[in-house]
Amino acid sequence: MTDRTTATQASARRFEVPTAIRFAHCDPAGIIFFPQYLVLFNGLVEDWFNQALRHPYARMLGEERTGLPIVRLECDFRAITRMGETVALGLSVARLGSRSLALDLDCRGADGQLRVAARKVLVFTSLDTHQAIAVPAPIEAAIARWMAGED
């Protein structure tokens with residue numbers, strides 16, 4: 001587990017999910033509409049919590065009343081993605097702080113071509129007060145285990 005006063009730096013570990021690009025993701029030209037990447041990346045974070053961390057995202061929001069809003073977002077759009085493709089959405093931890101989590105996310109085509117690269121910083125918040133809170137201990141431990149490859 002991390003010391004709450006010191007951030008844990010980047011993990012070489014990568015969580016990846018194959019994802020079909022559907023009609024609902026695309027503009028009339030059949031190319032993914034860029035805001036849809038943010039929706040897909042949010043789903044990737046949920047999958048990471050559910051599958052890799054084994055800490056259900058719905059439980060975190062529901063009974064634990066912990067939110068995880070984006071406070072900073074950077075995206076580089078490198079190439080188009082078309083309806084009907086299956087892409088790999090990937091996630092790695094760039095930084096785990098005492099209240100925040102920086103994630104590197106990307107979308108790659110079947111040929112490995114980078115389509116989009118993003119970094120988002122998320123802050124843990126109380127859904128009751130809407131104030132930033134320390135990373136909840138069970139989540140911090142799950143992230144540390146996953147980063148260390150101990151799952």
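**A friendly note on Lys120, aromatic pairs and salt bridges**

1. Start with Lys120: this residue is buried, yet has no salt bridge, and the nearest side chain of opposite charge, Glu46, is 8.7 Å away. Keep in mind as you look around that this is a predicted model. In general, side chains of opposite charge can pair when their charged atoms come close. For a salt bridge, the side-chain nitrogen and the carboxyl oxygen must lie within 4 Å.

2. Where does Lys120 sit? You will find Lys120 in strand E7, which covers residues 114–123. Leaving aside neighbours within four places in sequence, Lys120 is in contact with Phe41, Asn42, Val45, Ile70, Arg72, Leu73, Leu101, Ala102, Leu103 and Leu105. Two of these names, Phe41 and Arg72, will come back below.

3. Now for the rings. The structure has seven aromatic pairs. In one of them, Tyr37 and Phe41 have ring centres 6.4 Å apart and planes at 35°, so this pair is tilted. Both residues belong to helix H1 (residues 35–53), where they are four residues apart, about one turn of the helix. Are Tyr37 and Phe41 buried or exposed? Both are buried.

4. Compare that with Phe49 and Tyr57. Their ring centres are 5.4 Å apart and their planes stand at 75°, so the pair counts as edge-to-face. Phe49 is buried, with a relative accessible area of 0%. Tyr57 is buried as well, at a relative accessible area of 7%.

5. Which residues join Tyr37 and Phe41 in one aromatic cluster? The cluster is made up of Phe33, Phe34, Tyr37, Phe41 and Phe77.

6. Strand E2 (residues 15–20) is a nice place to practise reading side chains, which alternate along the strand. Phe15, Val17 and Thr19 point to one face and are buried. Glu16, Pro18 and Ala20 point to the other face and are not buried. E2 pairs with strand E5 (residues 86–96) in the antiparallel sense, over six bridges. Which residue of E5 is the bridge partner of Val17? That partner is Leu89.

7. For an exposed residue, try Ala58 in helix H2 (residues 57–61). Ala58 has a relative accessible area of 60%, so this residue counts as exposed. The C-alpha atoms of Ala58 and Leu122 are separated by 17 Å, and the two residues are 64 residues apart along the chain.

8. Lys120 has no salt bridge, but how many are there in the whole structure? A search finds nine. One of them links Glu74 with Arg72, the closest N and O atoms being 3.1 Å apart. Glu74 is partly exposed, with a relative accessible area of 41%, and Arg72 is partly exposed at 49%.

9. Another salt bridge joins Asp76 and Arg78, with the closest N and O atoms 3.8 Å apart. Asp76 is partly exposed, at a relative accessible area of 42%. Arg78 has 52% relative accessibility, so Arg78 counts as exposed because the cut-off for that word is over 50%.

10. Finally, salt bridges that share partners join Arg14, Glu16, Asp106 and Arg108 into one network. Within this group, Arg14 forms a salt bridge with Glu16, and their closest N and O atoms are 2.9 Å apart. Arg14 is partly exposed, with a relative accessible area of 34%. Glu16 is partly exposed too, at 45% relative accessibility.

How values were computed. Residues are numbered from 1 along each chain as its sequence is written. This is a predicted model: local features need pLDDT of at least 70, side-chain atom pairs count only at pLDDT 80 or more; totals for chains, interfaces and linings use all residues. Side-chain values use heavy atoms; hydrogens and water are left out. Rings of Phe, Tyr and Trp (its six-membered ring) pair if their centres lie within 6.5 Å; planes under 30 degrees apart count as stacked, over 60 as edge-to-face and the rest as tilted. Helices (H or I, at least four residues) and strands (E, at least two) are DSSP runs, numbered from the N terminus. Buried means under 20% relative accessible area, exposed over 50%, partly exposed in between (1.4 Å probe, protein chains only). Two strands pair if DSSP finds at least two bridges between them. Lys and Arg count as positive and Asp and Glu as negative; His and the chain ends are not counted. Contact means heavy atoms within 4.5 Å.
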